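Visitor: Hello, could you walk me through this structure, one question at a time?

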Amino acid sequence: GSSVTLGQTNAITNLGAFSDGTTFSLTNVGGLTVTGAVGGGSGLTSITTSAGTLAVSAAGSVTGAGTTLATTGSGDITLAGNVNAGLGTATLTSAGLISQSGGTINAATLTGSAGTSVALGQANTLTNLGAFTAGGAFALNDIGGLNVNGNVVTGGTTSIVTTVSPLAIGANIDATGFGLTLQGIGVNQTTGNILAAATTVNAGT
C-alpha cells in the first residue's frame, strides 16, 4: 500500500483497523475513538480531531515512523492502547488533558502540550523527553532510562520517573510554585535550570 490522506471535514466516530504503506493522515470534526490497529507504514501516522475527545481504546493502537495525535479547539487525548512511534517522535497535542489508563508509548522522543494536565503513568519506553508544556500537573513514567532534552514547563505538581537506567537532564524543567519529583537509577544534570517550590530526587540503586 501507499499513503493515506483524509484531510477534509470528516465526521467519524470510530476508526477501526487501517493500514498504510508509507504515511497516514486523518482530520476529523468531533470526537474519535481508535478501535483497531491504525498505521504501520514507513512514515508518519497522524490523527487530528476537533471539539471532542481523541481516544485510543484498549483494542486500538497507533503505529508509524513517528506518530502525531492532536485535538484542536477543545477535547482531551485519552490513551488505553499502544502508541508506537518506533525510532521517530511521538507528539501529543491536546486542547484539554492527556491521560493514560493502559497501553504504552514507545518512541525515540516524546513531545507535545496539553491545555490542562498530563498523566502518562504506564510502562512507557522512551529515549528522550523533548519540549512539553502542560497547563496543569505533569506526570510521566518511563522504563529504561530517559534524557530530558527539551524544555518542560508545567502548571502543577510534576513528576518525571524512569527505572532501570539514569535520568539525564539537559534542558529546563519549570514547575515554578509546585512540587517536582525526579527519579532514575542516577539523576544527572548537564545543563538547564530546575525551577520548583520543592524538589524531590530519588537516585535509586
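Guide: Gladly. One definition to begin with: helices, of at least four residues, and strands, of at least two, are DSSP runs numbered from the N terminus. Please keep in mind that this is a predicted model.

Visitor: How many helices and how many strands does the protein have?

Guide: Counting those runs gives the secondary structure of the protein. The totals are zero helices and 24 strands.

Visitor: Why can the protein be called as compact as a globular protein of its length?

Guide: The globule rule gives 17 Å for 205 residues. The C-alpha atoms fill a box of roughly 45 × 30 × 25 Å along the principal axes. The protein is as compact as a globular protein of that length because the rule's value is close to its own radius of gyration, 17 Å.

Visitor: Which strand gives the largest share of the largest nonpolar core?

Guide: That core has 40 residues, and Leu92 and Leu120 are among those with the most contacts inside it. The largest share of this core is six residues. They come from the strand spanning residues 118–134, β16.

Visitor: Which phenylalanine does leucine 92 touch?

Guide: Residues up to four places away in sequence are not counted here. The partners of leucine 92 include Leu69, Leu79, Leu110 and Leu120, which are also listed among the core residues with the most contacts. The phenylalanine that leucine 92 touches is Phe132.

Visitor: Is alanine 11 buried or exposed?

Guide: Alanine 11 is found in the loop between β1 (4–10) and β2 (14–15). Leaving aside neighbours within four places in sequence, its contacts are Asn28 and Val29. The relative accessible area of alanine 11 is 69%, and the cut-off for the upper class is over 50%. Therefore alanine 11 is exposed.

Visitor: What distance separates the C-alpha atoms of alanine 11 and valine 29?

Guide: Along the chain, alanine 11 and valine 29 are 18 residues apart. They are also in contact. The separation of their C-alpha atoms is 5.2 Å.

Visitor: Is threonine 162 buried or exposed?

Guide: Threonine 162 has its place in strand β20 (residues 158–163). Its relative accessible area is 1%, and the cut-off for the lower class is under 20%. Therefore threonine 162 is buried.

Visitor: Which side chain makes a polar contact with the side chain of threonine 162?

Guide: A polar atom of the threonine 162 side chain lies 2.9 Å from the backbone nitrogen of glycine 145, but that partner atom is in the backbone. The side-chain partner, at 2.6 Å, is aspartate 142.

Definitions and conventions:
Residues numbered from 1 in each chain as written. Predicted model: local features only at pLDDT ≥ 70, side-chain atom pairs only at ≥ 80, totals over all residues. Heavy atoms only, no water. Core = buried A, V, L, I, M, F, W, Y, C linked by side-chain atoms within 4.5 Å. Buried < 20%, exposed > 50% of the residue type's maximum accessible area, 1.4 Å probe, protein only. Contact = heavy atoms within 4.5 Å. Rg over C-alpha atoms; globule rule 2.2 N^0.38 Å. Polar contact = N/O pair within 3.5 Å; in protein donor to acceptor, adjacent residues only side chain to side chain.
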